[in-house]
Structure formats: C-alpha cells, structure tokens
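Q: Please take a close look at the loop residues with unusual backbone angles, and set them within the chain as a whole.

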Amino acid sequence: MKHQINLNEVKKAQMLLRALNHKLRQRILDIIEKDKKIIVTQIHTKLNIEQSVASQHLAILRIADIVNANREGKFIYYSINYAKIEEIEKYTKQLLG
C-alpha cells in the first residue's frame, strides 16, 4: 500500500516542534508557567533581553498556538495554551512509539 505524504502537514509539524525546540523560548514558557499570565515587558526584564527579542519569540510561540495573547486595556497578556501542549505531547509520544 502506497502512502501519500502531505508536505503541508509536515511543514506545520516542523514549525510547531521548532517553536518549542529553542532554549530562549523554553525559558519564556517557564516564566509564563510560573506567572500564569504576563506581559512582554516583564518577560524581557526577567530574562535581561531586549523587548524586541522577547516580542519576536512570543510571536513565534503565538503563531504556533503554544501561547495565548489576550488584550486587557493597553496590555497584551500571554498565557500558555495547555490544550495545545497536551496535543503536542500526545502526538510526540505516538510518533516516538
């Protein structure tokens, strides 16, 4: 039986795993996990990095749907999308068998 590989799905999976497989983004996720919701200014201060760098990494995590971004007044609060994390863990375990 011949199987067709959906390259678009492979690219999506690659983007998702690449978003998680980065030391700085992992540190950002750790900070969000501890604070539950946080703004970019707090992240860049805690990590001692430029705000633009923190924003770029948050954008990658947001595009991958790993973090949620919710506007409250003039601030955007970031939180972890636990449903997506659980989904990634489930499929990664299946893939690794």
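A: What follows starts with the chain and then turns to two loop residues.

This is a predicted model, in which local features need pLDDT of at least 70, side-chain atom pairs count only at pLDDT 80 or more, and totals for chains, interfaces and linings use all residues. Residues are numbered from 1 along each chain as its sequence is written, and side-chain values use heavy atoms, with hydrogens and water left out.

The chain has five helices and two strands, which follow one another from the N terminus as α-α-α-α-β-β-α; helices (H or I, at least four residues) and strands (E, at least two) are DSSP runs, numbered from the N terminus. Of its 97 residues, 30% count as buried, where buried means under 20% relative accessible area, exposed over 50%, and partly exposed in between, with a 1.4 Å probe and protein chains only.

Asn-48 sits in the loop between helix 3 (40-47) and helix 4 (51-63), and although Asn-48 is not a glycine, its phi is positive, at about 55 degrees. Asn-48 counts as exposed because its relative accessibility is 71%.

The loop that runs between helix 4 and strand 1 (67-72) holds Asp-65, another residue that is not a glycine and has a positive phi, here near 65 degrees. Asp-65 counts as partly exposed because its relative accessibility is 35%.
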